[in-house]
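Visitor: I have a structure open and would like to talk it through. Could you guide me, beginning with the terms you will use?

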Amino acid sequence: DNRLEFNEVCTLIGRLPSEVALPLRMYAHGYKYCEIAVALNLPMSSVKNRIRAARVYLKRLLDE
């Protein structure tokens, strides 16, 4: 069921370190990479790397 998967993903995002969870949440809410970079005072490359790291971590957890 898609709803259960969505809730599971939300729970897993809550378990991520805040340095990767916050950019991922912002991206999921429609912010662009450049907007996230400005809001968090980070280089855009760091934002992209953190979002990618969060996705990889979530994928690993979901595959278990």
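Guide: Certainly. A residue is called buried when its relative accessible area is under 20%, exposed when it is over 50%, and partly exposed in between. Please keep in mind that this is a predicted model.

Visitor: Good. Which residues of helix 2 are buried?

Guide: In helix 2, the buried residues are Val-20, Ala-21, Pro-23, Leu-24 and Met-26.

Visitor: And what share of the protein as a whole is buried?

Guide: Of its 64 residues, 23% count as buried. The protein exposes about 4800 Å², and carbon and sulfur atoms supply 53% of that area.

Visitor: Let me step back. How many helices and strands are there?

Guide: There are four helices and zero strands. From the N terminus on, the order of elements is α-α-α-α. Along its principal axes, the C-alpha trace spans about 35 × 20 × 15 Å.

Visitor: What about contacts between residues far apart in sequence, what is their share?

Guide: Among contacts with a separation of 6 or more, 47% join residues that are 24 or more positions apart.

Visitor: Now the core. Which residues touch the most other members of it?

Guide: The largest nonpolar core has 14 residues, and those touching the most other members are Ile-13, Leu-16, Leu-24 and Leu-58. Two or more residues each are given to this core by helix 1 (2-15), helix 2 (18-28), helix 3 (33-40) and helix 4 (44-63). Helix 4 provides the largest share, five residues. As general background, nonpolar side chains in soluble globular proteins tend to be buried together.

Visitor: What does Leu-58 touch, leaving out residues up to four places away in sequence?

Guide: Leu-58 touches Leu-12, Ile-13, Leu-16 and Leu-24.

Visitor: Switching to aromatics: how many pairs does a search of the whole structure find?

Guide: The search finds one aromatic pair. Tyr-27 and Tyr-33 form it, with 5.1 Å centre to centre and 15° between the planes.

Visitor: Why does that count as stacked?

Guide: The pair counts as stacked because the 15° between the planes of Tyr-27 and Tyr-33 falls under the limit of 30 degrees.

Visitor: Are those two tyrosines buried, exposed or partly exposed?

Guide: Tyr-27 is partly exposed, since its relative accessible area is 31%. Tyr-33 is likewise partly exposed, at 24%.

Visitor: Where does Tyr-27 lie, and what does it touch beyond four places in sequence?

Guide: Tyr-27 lies in helix 2. Its contacts at that sequence distance are Tyr-33, Ile-36, Ile-51 and Arg-55. Tyr-27 and Arg-52 are 25 residues apart in sequence and 11 Å apart in space, C-alpha to C-alpha.

Visitor: On to the backbone. What is notable about the phi of Asn-41?

Guide: Asn-41 has a positive phi of about 55° although it is not a glycine. Most residues other than glycine have a negative phi. Asn-41 lies in the loop between helix 3 and helix 4, and it counts as exposed because its relative accessibility is 70%. A positive phi, near 105°, also belongs to Gly-30, which follows helix 2.

Visitor: Last topic: how far apart are the mean positions of the positive and negative charges?

Guide: The mean positions of the 10 positive and 7 negative charges are 8 Å apart.

Note on methods: Residues numbered from 1 in each chain as written. Predicted model: local features only at pLDDT ≥ 70, side-chain atom pairs only at ≥ 80, totals over all residues. Heavy atoms only, no water. Core = buried A, V, L, I, M, F, W, Y, C linked by side-chain atoms within 4.5 Å. Buried < 20%, exposed > 50% of the residue type's maximum accessible area, 1.4 Å probe, protein only. Contact = heavy atoms within 4.5 Å. Areas by Shrake-Rupley, 256 points an atom, 1.4 Å probe, with all protein chains shown as cover. Lys, Arg positive; Asp, Glu negative; His and termini not counted. Charge placed at Lys NZ, Arg CZ, Asp CG, Glu CD. Phe/Tyr/Trp six-rings, centres within 6.5 Å; stacked < 30°, edge-to-face > 60°.
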